[in-house]
Amino acid sequence: MQSSSLIRALTVAMAAVFTAVACGTSSTGNAGSIKILAAWSGQEQASFFAVLKPWEDKTGIKVNYEYSRDLDALLTTRVGAGNPPDLTAAPSPTTLTNFAKQGKVIALDDKIDIASLKSNYAQSWIDLGTINGKLYQTYSWVAVKGLIWYDPKNFQAKSYNVPSNWQSLLDLQTTIKASGVTPWCIALESGSASGWPGSDWLKEIVLSQSGPAVYDGWVAGTQKWTSPEIKSAFTTWGQVLGPNDSNVYGGKQFMLATNFGDGGTHMFDNPPKCYMHNQASFITTFFTSAVPSLQPVTDFNFFPLPDITAQYAGAHVVAGDSWSMFRDTPQARSLMNYLITADAQAIWVKRGGKISPNKQTPLDAYPDALTKESAQILVATKIAKYDATDQMPADMRAAAWKAVLDFVGDQSKLDSILKTLDGVQATAYK
Amino acid sequence: MDFGVLLSDLPTLVVVIVGVPIVLAAYIVGGEFVVRRLPDKNRPQVRPWIWVGPAIFLVAAILFIPAIFTVIQSFQDNHGNFVGLQNYANQLADFPSGGAWIAIRNNIIIWLIFYTLFVLAFGLALAVLFDRVSYETVVKSLIFMPMAISSVALGVIWKFMFWYQPPGSPQTGTLNAIVTSLHHEPVAWLQDQWPNGLAVLNNLALIGAATWGITGFAMVILSAALKGIPGELLEAARVDGAGELTVFRRVIFPLMMPTIVVVGTTLVIFALKAFDVVYVMTNGNYNTDVLAFRMYNLLYLSHNPAGASAVAIILLIAVVPVLIFNLRQFRAVEARR
């Protein structure tokens, strides 16, 4: 009896599976589906879905979205297993550059609408996605780095002025420190990318202090880390941090233990724990989700990091999420073409935190005066350079991030830190 | 969950649900059919191999052969050229802080000693103490519960326990709330490389979290061994005038020794392959790297499979003596029965 009821149960289970199979196949539309892998979660993911919605409605294509903060590792596994996503949006081009060199990424030249890309994008964005003469990556949303965020009400209360040059920035931090408050909030924790917000400081200082030639050599691995220019960038940042990181709220423990998104919000504490926070334009989303009552311009505003060397005035570091295609399907082509349009990009731009590289995106689309201003900075930048560490080989980038953590931990170890970086540089570019 | 994913690859689904059992059944029936044809005296020689065959095949295919490839790859560069011991030289360069040395030190000294000792000590103490109370089952279930938590969730929970806020701010981390209530400055448990950059404190913080997760496992096994000790022996010792501590030291402990050794060696292997807690809580920063995590980083982030293979082999070499010891111990326990 027992065995016959077992068989009956199995039969029922099998029948259920086959029914499900039958239903499944019949309900799948003809439009097909697409697999996307990106690093956006939470509010950013919601914004991305809002961008996809009109395209999904129009084409009927179903999007399977997956995200991971450990995107590099996941992508490497998936590509290695022969099961890559159709499209990925990577926060840095390094990973994709590796895959492009191995021939795992599809060249886009004859796959997407190149004419529209060329007429709507600045050449520098196209160059950035080009490897060995072929286009592999496109950019949909970008950010300006090196923006110093502050609370205008706090500045007004203490009658601090926005610094116009490097010396006045240093003077301002001395004044703030003399009043018994730490001038800066800096937070470096970011999972496997911990340290990157500090590397942003270094890039901006290198570009503004030593100029684009040194910056390019540094990216390409020909400028040694122990060279006076790069060492000077570290010591200049050390002046900002102060002796034993005493210019930063909570000192090194807070910097190392706090997630990059949570660092700046202490400007809005009462009384403020710090007065300034250096972060790219996307950080506004983190401000408003931590303290929903904050209003742009009145509660938080920014000034660009002051120029260090007059000769290189107006230099800015920019960054963005790069799209690339691992499987050439009609759905993937369609979405790639959609993502380079101003219409698609404007949807996220309106939701805040992002700047569109497409020239057709109207300035009106920016939700507030601040993002509009950062978009104008991007357009007006005299010397625009893409994020240095994000263009370095993965080994070099990881070592640079780790160097930031080590430097913050003990600034006196700078020489040995730079020597280690030189050692990595000697092998990472092979 | 979206079951549509399962349906997108129907042939595979059918093969897995229907094919695999059919093949296995056919193998067993077919194997027995062949064995029955054999002369009587040969059957006992052949039959075990038929049954053990699939297991041997799987072990060879997914463990043994890849291990050999890993050994080969550790002597090659990333383009397949033979480079001798270069990968090992890279990993073992610049003692004591370069290459893999920090990871080796953390694994082979800090993790191996403290993790094993903490878990054994807590496991043994809890097993012996709870043996004497009426609510034993309830407390043991509670202590065992963290075993059911995935190590990633465990890491996240403990990250909150170790949370740091600067002095003067409300401490949201449990440990720092306690520490500050004792009028001590809050401690950045996971970042503080106390003492003097040797990074003992933060490694112990990680080990503490891992210990919490595994103590239940050690306790349950040790408790089972404790129950196996005949009551007459303990009674006889007590009648002879032995105090409770002497009973533990002279009777219980020696009789539990084989089990303690087996649990201990298993824990040593766990310590050597530590990964998840480090990955979730510190990402190997602040001198908390371990070999398994270094291997992962070299493979996936640095795209350096040759270096990763060398680290894997270093890890393997570290584990082999423990494995051999463990197997011998198993055999000794078997022989005593």
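These are my notebook entries on the contact between two chains and on one sheet.

**Entry 1, the interface.** I kept in mind throughout that the model is predicted. I began with where the chains meet, and I found that 22 residues of chain B are in contact with 31 residues of chain A. I then looked up the area buried between chain B and chain A, which comes to about 2,400 Å², with carbon and sulfur atoms giving 61% of this area.

**Entry 2, charged and polar pairs.** I searched across the interface of chain B and chain A for salt bridges, and the rule finds one. In this salt bridge the side chains of B:Lys159 and A:Glu189 meet, at 3.3 Å from N to O. For polar contacts, I noted that the rule finds three residue pairs across the interface, with both residues at pLDDT 80 or more.

**Entry 3, the side of chain B.** I asked myself which helix gives the most to the side of chain B that touches chain A. I found that α2(B) does, with four residues, while α2 (10-37) and α13 (291-301) of chain B each supply at least two. I sorted the residues of this side into 13 nonpolar, seven polar and two charged.

**Entry 4, a sheet in chain A.** I turned to an open sheet of three strands in chain A, and I read its order as β8-β7-β9 with antiparallel pairing. I marked β8 (276-279) and β9 (301-304) of chain A as the edge strands, since each pairs on one side only. I followed β7 (residues 147-150) of chain A, which pairs with β9(A) over four bridges, and I noted A:Pro304 in β9(A) as the bridge partner of A:Leu147. I last recorded that helix α9 (residues 196-220) of chain A lies across β7 and β8 of chain A, at about 85° to β8(A).

Conventions:
Residues are numbered from 1 along each chain as its sequence is written. Chains are lettered from A and ligands numbered from 1 in the order in which they are written. This is a predicted model: local features need pLDDT of at least 70, side-chain atom pairs count only at pLDDT 80 or more; totals for chains, interfaces and linings use all residues. Side-chain values use heavy atoms; hydrogens and water are left out. Contact means heavy atoms within 4.5 Å. Buried area is the accessible area (1.4 Å probe) that two parts lose on being put together, summed over both. A salt bridge is a side-chain nitrogen of Lys or Arg within 4 Å of a carboxyl oxygen of Asp or Glu. A polar contact is a pair of N or O atoms within 3.5 Å; within protein, one must be able to donate a hydrogen and the other to accept it, and residues adjacent in sequence count only if both atoms are side-chain atoms. Ala, Val, Leu, Ile, Met, Phe, Trp, Tyr, Cys and Pro count as nonpolar, Asp, Glu, Lys and Arg as charged, and the others, Gly among them, as polar. Two strands pair if DSSP finds at least two bridges between them. Axes are lines fitted to C-alpha atoms, for helices over the stretch in contact, and angles run from 0 to 180 degrees between N-to-C directions.
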